[in-house]
Amino acid sequence: MEPDLTVEFAGIKLPNPAILASGILGVSSEIMIRAARAGAGAVVTKSFNRKGREGYRNPSFIEVPGGFLNALGIPNPGMEEMREEVRAVAKAGVPVIASVFGFDPQEFAEAASMGEEGGAIAVELNVSCPHVEEVGVEIGQRPGMVAEVTRAVKKKVRVPVIVKLTPNVTSIQEIAKASEGAGADAITAINTALGMAIDVDAGIPILGGKVGGLSGPALHSIAVRTVYQVREAVKIPIIGVGGITDWKGAVEMMMAGASAIQVGTAVMYRGVEVFREITTGVSKFLRENGYGSVRELVGMAHKSA
């Protein structure tokens, strides 16, 4: 008998634990549907807000050792257009999670409501956006702000609310606890880590936004550590993301405490077929090691600690 790959967390049921992460591929309904057809258990849209954003000037995405740096500035067409993309994905029978952001709690709530209207099975709060009243501060770096945003969204939608944590904090456990205390149904850990690349010939930062988010394999061990720590701090489920490129990275993340995983950067250079490769590899690992279900892996590393 083949191992059971289905997962269930925070009221969400998926055919397998591999989810398309929010990012570059998540604006078009066609590509999100394609990812699901290629084996993704669910898809997350690109983050969107009330009126949309143009993003930062180029270059906004560059390759660095071990991954990529991006300073895209969260470009998106706005919540009304994204609602229709969500609707098209949902109508195709694909579980879709709406990733939303805003510059105040009300904007988060409005965008989340629009995602729910389109048929999203959950909303993911991208709290890594800047806080307008404190230059250089991400909303996700302040427990009080994260709690305020989470509460505002919980009042507005009925679907599960997932808070995506930024690693650019002193204590990620504190932010996780604030999310849980405000009613979050689950946590996604982690978003990109701050990084920079400099053109040594010109002596200036390469990215148009100067500082960017590091993703890819270089982020993986940080993400695994974060998921492990968050699992120790909260009782709500975790979705692990950061540098997963194969089945082993997925298994490692789940053993650290993730109920499901997200894949982003690997899709950029491996294509959407990476989802099938990951789930096939996980299934083989389960079968060869005598596991009946992928759910048996969740949090395993804590039992032996």
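Select Leu194 to begin, a residue of strand β13 (residues 193-196), where strands are DSSP runs of E of at least two residues and helices are runs of H or I of at least four, numbered from the N terminus. This is a predicted model, in which local features need pLDDT of at least 70 and side-chain atom pairs count only at pLDDT 80 or more, while totals for chains, interfaces and linings use all residues. Residues are numbered from 1 along each chain as its sequence is written, and side-chain values use heavy atoms, with hydrogens and water left out.

Leu194 counts as exposed because its relative accessibility is 53%; the cut-offs are under 20% relative accessible area for buried, over 50% for exposed and partly exposed in between, with a 1.4 Å probe and protein chains only.

Just before this strand, select Ala189 and Ile190, which are joined by a cis peptide bond with omega of about 15°. Ile190 sits in the loop between β12 (186-189) and β13.

From β12, widen the selection to the barrel, which 8 strands close in the order β3-β4-β7-β8-β11-β12-β17-β18 with parallel pairing. Neighbouring strands of this sheet are turned by 25° against each other on average, direction ignored. Within the barrel, β12 pairs with strand β17 (residues 238-241) in the parallel sense over 3 bridges, pairing being taken to require at least two DSSP bridges between two strands. To see one of these, select Thr188, whose bridge partner in β17 is Ile239.

Two helices can be shown next against these strands. Helix α7 (residues 247-256) lies across β17 and β18 (260-263), running at about 140° to β18, whereas helix α9 (residues 274-288) lies across β3 (18-20) and β18, at about 165° to β3. Such angles run from 0 to 180 degrees between N-to-C directions, the axes being lines fitted to C-alpha atoms, for helices over the stretch in contact.

Now select Arg231, in helix α6 (residues 217-233), which is partly exposed with a relative accessible area of 34%. Leaving aside neighbours within four places in sequence, Arg231 is in contact (heavy atoms within 4.5 Å) with Ile238, Ala256, Gly257, Val298, Gly299 and His302.

Finish with two loop residues other than glycine. Lys210, in the loop between β15 (204-205) and β16 (211-215), has a positive phi near 65° and counts as exposed at 52% relative accessibility. Ala10, in the loop between β1 (7-9) and β2 (12-14), has a positive phi near 50° and is partly exposed, with a relative accessible area of 26%.
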